[in-house]
Amino acid sequence: MPGNEYKKPLPKILPETEEYWKAAKRHELFLQKCKNCGQVIYFPRIICFKCLSDELGWFKSKGHGTVYSYTIIHYQIAHKSFESDVPYIYAIIELDEGVRMISNVINIDPFKVKIGMRVKVIF
């Protein structure tokens with residue numbers, strides 16, 4: 001839609017992250033899993049950090065987790081395109097699959113977010 005373009009910085013897509021970003025574009029959260037030792041992996045990598053195998057596969061996350069830690073961002077300190085978002089939550093989310101990821105928490109008053117709160121992925 002004209003005038004409705006995404007204005008925030010986009011990531012550089014590397015070969016090891018390509019599947020992750022393709023899934024995100026479909027509004028799906030995909031994680032990696034080592035075919036050798038079974039370790040779930042996030043952020044995307046080329047080898048397993050546990051056993052160093054390069055036999056990694058992808059699977060769709062259930063998209064549920066818990067706020068492990070967070071902070072409220074009150075000032076625009078990143079790219080200028082985030083200025084209209086403040087205040088917003090910068091959180092570490094522990095996914096039900098056992099990995100932690102950085103995310104924001106939306107659709108809630110930032111001052112009502114709590115450690116241990118259940119969350120689900122939305123795009």
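How exposed is Glu83, in terms of relative accessibility? At 39% relative accessibility, Glu83 counts as partly exposed; buried means under 20% relative accessible area, exposed over 50%, and partly exposed in between, with a 1.4 Å probe and protein chains only. The legends below begin with the whole chain and then take up single sites.

This is a predicted model, in which local features need pLDDT of at least 70 and side-chain atom pairs count only at pLDDT 80 or more, while totals for chains, interfaces and linings use all residues. Residues are numbered from 1 along each chain as its sequence is written, and side-chain values use heavy atoms, with hydrogens and water left out.

**Figure 1. Overview of the protein chain, with one helix and seven strands.** The elements run α-β-β-β-β-β-β-β from the N terminus on. Helices (H or I, at least four residues) and strands (E, at least two) are DSSP runs, numbered from the N terminus. The C-alpha trace spans about 45 × 40 × 25 Å along its principal axes. Of the 123 residues, 29% count as buried. The chain exposes about 8700 Å², and carbon and sulfur atoms supply 56% of this area. Accessible areas come from the Shrake-Rupley method with a 1.4 Å probe; for residues, only the protein chains shown count as cover. Among contacts with a separation of 6 or more, 50% are between residues 24 or more positions apart; contact means heavy atoms within 4.5 Å.

**Figure 2. Salt bridges around helix 1, with Glu18, Glu19 and Lys22 linked in a network.** A salt bridge is a side-chain nitrogen of Lys or Arg within 4 Å of a carboxyl oxygen of Asp or Glu. The whole structure has eight of them. Between Glu19 and Lys22 the N to O distance is 3.8 Å. These two residues are separated by about one helical turn, because they are three residues apart in helix 1. Glu19 is partly exposed, with a relative accessible area of 37%, and Lys22 is partly exposed at 40%.

**Figure 3. The loop between helix 1 (18-25) and strand 1 (30-34), which holds His27.** Phi of His27 is near 65°, a positive value in a residue other than glycine. Most residues other than glycine have a negative phi, and most peptide bonds are trans. His27 counts as exposed because its relative accessibility is 54%. Arg26 forms a salt bridge with Glu28, and their closest N and O atoms are 2.8 Å apart. The relative accessible area of Arg26 is 47%, so Arg26 is partly exposed.

**Figure 4. A nonpolar surface patch formed by Ile46, Ile47 and Leu52.** Together the three residues have about 300 Å² of accessible area. Patches are made of residues with over 30% relative accessible area and no salt bridge; like charges are joined within 9 Å, and nonpolar side chains (Val, Leu, Ile, Met, Phe, Trp, Tyr) within 5 Å. Ile47 lies in the loop between strand 2 (40-41) and strand 3 (56-60), and is partly exposed at 37% relative accessibility. Leu52 is found in the loop between strand 2 and strand 3 and counts as exposed at 59%. Phi of Leu52 is near 70°, a positive value in a residue other than glycine.

**Figure 5. Cys51 and Glu16 with their contacts.** Cys51 is placed in the loop between strand 2 and strand 3. Leaving aside neighbours within four places in sequence, Cys51 is in contact with Cys34, Asn36 and Cys37. Cys51 is partly exposed, with a relative accessible area of 29%. Glu16 is in the segment before helix 1 and is partly exposed at 25%. Outside its neighbours within four places in sequence, Glu16 is in contact with Pro44, Arg45, Ile46 and Trp58.

**Figure 6. Two cis peptide bonds, Tyr42 to Phe43 and Val86 to Pro87.** For the bond joining Tyr42 and Phe43, omega is about 15°. Phe43 lies in the loop between strand 2 and strand 3. For the bond from Val86 to Pro87, omega is near -5°. Pro87 lies in the loop between strand 4 (64-73) and strand 5 (88-95).

**Figure 7. The salt bridge between Lys80 and Glu83.** Their closest N and O atoms are 3.0 Å apart. Lys80 is exposed, with a relative accessible area of 57%, whereas Glu83 is partly exposed.
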